[in-house]
Amino acid sequence: LMPKPSLVDRVLRSNGEVLYQYQPKMLKRLVRPDTSWSLLQMMEATTTIGTSRKEFTHSKRQLMPGVDVAAKTGTLKGTNPLGLNNWFIATAPIDQPRIAVSVIVVDPKGLSTKASHIGRLVIQKYLGR
């Protein structure tokens, strides 16, 4: 579904009282539900058997048990900026997505600066894992 864009999520008083809370409105359906579900299932393979499996499992143990993550990774050598562009997009949990993440790292230096590593940490923090 394509949501209507909004610049303001909410407006609060200094005491924390909510004066305004944006209520999402959908403009139109872009993809049939069964098509998007199939895509998410394919993207899950990236974190279970694909290019990010080592980022989501350690010694055959899931790092976020009970949370299925759909993701896509990519790399591209660039000239502006010069270096390797490493990217990662993901959503979780698959059955009821609560977070979408997009990370691009230019010229990562080691595993801790890979886009998939940073993306996993963001998802874990957001979901409290």
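Here a biologist and a modeller chat through a predicted model, one question at a time.

Biologist: Let's start with the rings. Which two residues form an aromatic pair, and is it stacked or edge-to-face?

Modeller: The count comes to one aromatic pair. Its ring centres sit 6.3 Å apart, with 25 degrees between the planes. Planes under 30 degrees apart count as stacked, so the label for F56 and F88 is stacked.

Biologist: And how many residues apart in sequence are the parts that this pair ties together?

Modeller: F56 belongs to helix 2 (residues 53–56), while F88 belongs to strand 8 (residues 82–92). The pair therefore ties together parts whose separation in sequence is 32 residues.

Biologist: Are F56 and F88 buried or exposed?

Modeller: The cut-off for buried is under 20% relative accessible area. F56 comes in at 6%, and F88 at 0%. So F56 is buried, and F88 is also buried.

Biologist: Now the sheet with strand 8 in it. Which strands stand at the edges?

Modeller: It's an open sheet of three strands, in the order 7-8-9, with antiparallel pairing. Each edge strand has a single partner strand, so one side of it is left without a neighbour in the sheet. On average, neighbouring strands here are turned by 10 degrees against each other, direction ignored. The edge places go to strand 7 (70–79) and strand 9.

Biologist: Over how many bridges do strand 8 and strand 9 pair?

Modeller: Take one bridge as an example: N85 has V106 in strand 9 as its partner. The two strands run in the antiparallel sense, and their bridges number eight.

Biologist: Just past strand 8, is the peptide bond from A92 to P93 cis or trans?

Modeller: P93 sits in the loop between strand 8 and strand 9 (99–106). As a rule, most peptide bonds are trans. The bond from A92 to P93 has omega near -25 degrees, and it is cis.

Biologist: What about I99: how far is its C-alpha atom from that of I123?

Modeller: I99 is a strand 9 residue, and it is buried, with a relative accessible area of 11%. Along the chain, I99 and I123 are 24 residues apart. Between their C-alpha atoms the separation is 7.1 Å.

Biologist: Over to the hairpin. Which residue in the turn has a positive phi?

Modeller: Strand 2 (residues 10–12) and strand 3 (residues 18–21) pair in the antiparallel sense over three bridges, and V11 stands opposite Y20. Five residues lie between the two strands of this hairpin. Most residues other than glycine have a negative phi. Here the turn residue with a phi of about 95 degrees is G16.

Biologist: How big is the largest pocket, and which class has eight residues in its lining?

Modeller: Its volume is about 390 Å³. The lining includes L1, R29, W37 and M43. Two of the lining residues are polar and one is charged, and the class with eight is nonpolar.

Biologist: Last one: how far apart are the C-alpha atoms of A115 and A71?

Modeller: A115 lies in helix 3 (residues 115–127), and its relative accessible area of 0% makes it buried. A115 and A71 are 44 residues apart along the chain. Their C-alpha atoms are separated by 11 Å.

Terms used: Residues numbered from 1 in each chain as written. Predicted model: local features only at pLDDT ≥ 70, side-chain atom pairs only at ≥ 80, totals over all residues. Heavy atoms only, no water. Phe/Tyr/Trp six-rings, centres within 6.5 Å; stacked < 30°, edge-to-face > 60°. Helix = DSSP H or I, 4+ residues; strand = E, 2+ residues; numbered from the N terminus. Buried < 20%, exposed > 50% of the residue type's maximum accessible area, 1.4 Å probe, protein only. 1 Å grid on protein atoms, 1.4 Å probe; cavity = no way out; pocket = protein on both sides within 12 Å on 5 of 7 lines; lining within 4 Å. Points joined across faces, edges and corners; volume = space filled by probe spheres on them. Nonpolar A, V, L, I, M, F, W, Y, C, P; charged D, E, K, R; others polar. Pairing = 2+ DSSP bridges. Axes fitted to C-alpha atoms, helices over the stretch in contact; angles between N-to-C directions.
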